[in-house]
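The following exercises concern helix geometry, burial and charged side-chain pairs. Please study the sequence and the structure before reading each solution.

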Amino acid sequence: MKNIIYKKFQMDIPDSWTKIKPSDYKKFFLFDTDDMLDAFLKPIDGGVLLITLTYFGEDEGSFIEEYHAQVNEIDKMVKELESSNKNWREKSLVKPIVSKFITANGKKIYFNVMEASNNNDNLVLQIYFKINNDIYCFGTVISKQWTTASEIAENNPSAKDILAVVSKIIK
């Protein structure tokens, strides 16, 4: 089912995003690729940005809501650690920055931004969306320049591009 639906929205991927061949995934440190549908390189500021598209399966229930609840629990734990002057990186792999549902074309998508414990320079961006009952997620890294959902969505070129693609896909 995932490939049938993906073929329908594949045309919404911008031409400027170059598809990476699966045989080249390891060059970009992509190792756990069983559920990954595609990986792309997007030109930015004289370089390229890696964007992945992952399929999370069919969900009749509330996978995204459950994931959101888990992220909120991590956020609570991190805040408790920070309030007692402890280093969150010793207890958690991520620190949630923004975790919220937003609406695009009248449909709910999940916008999640986290700081990874092994990366001080960038944030991880995940945008989850459903088509029928199939769950997909675009993922990439973004700069730490902005820290609210609206700032990121309005000012970060990569987030804007991914949100525009998701908006076309879920229309």
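**Exercise 1.** In this predicted model, identify how the side chains of lysine 42 and aspartate 161 meet, and state which parts of the chain they tie together.

*Solution.* The two side chains form a salt bridge, with an N to O distance of 3.1 Å. Lysine 42 belongs to strand 2 (residues 36–44) and aspartate 161 to helix 4, so the pair ties together parts that lie 119 residues apart in sequence. Lysine 42 has a relative accessible area of 5% and is buried, whereas aspartate 161, at 30%, is partly exposed.

**Exercise 2.** Determine on which side or sides of helix 4 its buried residues lie.

*Solution.* Helix 4 comprises 13 residues, 157–169, and spans 18 Å from its first C-alpha to its last, close to the 18 Å expected. Its buried residues are Ser158, Ala159, Ile162, Leu163, Val165, Val166 and Ile169. Because they cover an arc of only 160° around the axis, they lie on the same side of helix 4.

**Exercise 3.** Locate the partner of glutamate 115 in a salt bridge with arginine 89, and describe the burial of each residue.

*Solution.* The closest N and O atoms of glutamate 115 and arginine 89 are 2.5 Å apart. Glutamate 115 is in strand 5 (residues 107–116), and arginine 89 is in the loop between helix 2 and strand 4, 26 residues apart. Glutamate 115 is buried at 9% relative accessible area, while arginine 89 is partly exposed at 28%. Salt bridges with shared partners join Arg89, Glu115 and Lys144 into one network.

Note on methods
Residues are numbered from 1 along each chain as its sequence is written. This is a predicted model: local features need pLDDT of at least 70, side-chain atom pairs count only at pLDDT 80 or more; totals for chains, interfaces and linings use all residues. Side-chain values use heavy atoms; hydrogens and water are left out. Helices (H or I, at least four residues) and strands (E, at least two) are DSSP runs, numbered from the N terminus. The expected span of a helix is 1.5 Å times one less than its number of residues. Buried means under 20% relative accessible area, exposed over 50%, partly exposed in between (1.4 Å probe, protein chains only). The arc is that of the directions from the helix axis to the C-beta atoms. A salt bridge is a side-chain nitrogen of Lys or Arg within 4 Å of a carboxyl oxygen of Asp or Glu.
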